[in-house]
Amino acid sequence: METTVLDEILETTRELDSTSVSAHELGERMATDELLDVVHHRELLEALVAEPLDRNDLEARLDVSRATSHRFTRWLEDNDLASRVDNRFTLTGKGQAYADAIGHLERDLRAATALAPLLESICEAHREFVVAPFADGAVTTATPADPYAPFARFVQLLRESDTFRGFNTTHMVPPMLTELSDWLFDGSDVELIYLPEVVDSLLETHPEQVHEAVEAGHLSLRTREALPYGLAIFDDRVGVAGYDDQTGMMRVFVDSDSAIARGWAERVFEMYRDRSDPIRERSES
């Protein structure tokens, strides 16, 4: 049975987050009004995450009236989200969890907005891509005036790095940047996972260079039957690329120096590498 990209993504997602539980699996769900109440009080929760505050401090911090502060604190106590200690309101464990959850929600929604061009380009059904760590990254999109802008950003980072690991659905290089193919073979430490047909093409166009780089230990090539997007791990940054399904050209490239983004990228790369075949094994088979 042929493996699809969606199959691979779903399988990898289960390993990346094997303990995740959908809200639908938790039994009775929160009412929409309850969720809206938490969102409505997000600034109140954020203020108390920083430090316990008395009612006067809350009024000053949130710029609200005494009547509003009474309503806020009553909501906290009625929902077991804060307790009063020495006349100051301190978040309970439940309150801290609510504050974290609403913070994550806002962070993820803002990140999704910033990364919309990438999310529209990569497999729309997959859920393994962690959005938030890339929210403050550099987003480079292709435009009619500069269709190769994402690839140019990728090349810039590549030239600044001594090592490179990643996987990709294509190795297409814009005409004016064909000399970048030589970067793979100049002694840099490179580890790549490609679709089988992409490796076949690379072996046809650069057979001696590939052989020499592999034999010297500078280049590791592996293949997989399905890949969801482009992943790039440089010395100091990591990036994710989305491609045009018809042309194979890079439509968007998002890169970040976030430690969390790097940790995610390295873990994903290792998982895909573990489920890929070295070109030696593939040629023997």
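Me: Buried means under 20% relative accessible area, exposed over 50% and partly exposed in between (1.4 Å probe, protein chains only). Which of these terms applies to D86?

Reply: This is a predicted model, in which local features need pLDDT of at least 70, side-chain atom pairs need 80 or more, and totals for chains, interfaces and linings use all residues. Residues are numbered from 1 along each chain as its sequence is written, and side-chain values use heavy atoms, without hydrogens or water. D86 sits in the loop between β1 (82-85) and β2 (88-91), where helices (H or I, at least four residues) and strands (E, at least two) are DSSP runs numbered from the N terminus. Because its relative accessibility is 71%, D86 counts as exposed.

Me: What is the approximate phi of D63?

Reply: Most residues other than glycine have a negative phi. D63 is found in the loop between α4 (55-62) and α5 (66-78), and its relative accessibility of 69% makes this residue exposed. D63 is not a glycine, yet its phi is positive, at about 55°.

Me: Near what value does the phi of D86 lie?

Reply: D86, in the loop between β1 and β2, is likewise a residue other than glycine with a positive phi. The value for D86 is near 55°.

Me: How many aromatic pairs are there?

Reply: Rings of Phe, Tyr and Trp (its six-membered ring) pair if their centres lie within 6.5 Å; planes under 30 degrees apart count as stacked, over 60 as edge-to-face and the rest as tilted. By this rule the count of aromatic pairs comes to eight.

Me: How many residues apart are F167 and Y229, which form an aromatic pair?

Reply: The pair of F167 and Y229 is tilted, with 5.7 Å from centre to centre and 45° between the planes. F167 belongs to strand β4 (residues 163-168), whereas Y229 lies in the loop between β6 (219-223) and β7 (230-233). Both F167 and Y229 are buried. The pair thus links distant parts of the chain, and the separation in residues is 62.

Me: Which helix holds Y272, a further aromatic partner of F167?

Reply: F167 and Y272 form a tilted pair, 4.7 Å from centre to centre with 50° between the planes. F167 is buried, because its relative accessible area is 2%; Y272 is buried as well, because its value is 1%. The two residues are 105 residues apart, F167 in strand β4 and Y272 in helix α11 (residues 259-274), so the helix asked for is α11.

Me: Which element gives the largest share of the largest nonpolar core?

Reply: A nonpolar core is a set of buried Ala, Val, Leu, Ile, Met, Phe, Trp, Tyr and Cys residues joined through side-chain atoms within 4.5 Å. The largest core has 47 residues, of which F154, F167 and L231 touch the most other members. Its largest share, six residues, comes from α11.

Me: How many residues make up the second, separate core?

Reply: Among the members of this second core are L48, L53, L76 and A82. The core is separate, and its residues number 17.

Me: Which residues form one aromatic cluster with F154?

Reply: Leaving aside neighbours within four places in sequence, F154 is in contact (heavy atoms within 4.5 Å) with F164, A232, F234, M250 and F253. The aromatic cluster joins F154 to F151, F164, F234 and F253.

Me: How far apart in space are A149 and R251, C-alpha to C-alpha?

Reply: A149 lies in helix α8 (residues 149-159) and is buried, because its relative accessible area is 14%. Not counting residues up to four places away in sequence, A149 touches T140 and T141. A149 and R251 are 102 residues apart in sequence, while their C-alpha distance is 8.6 Å.
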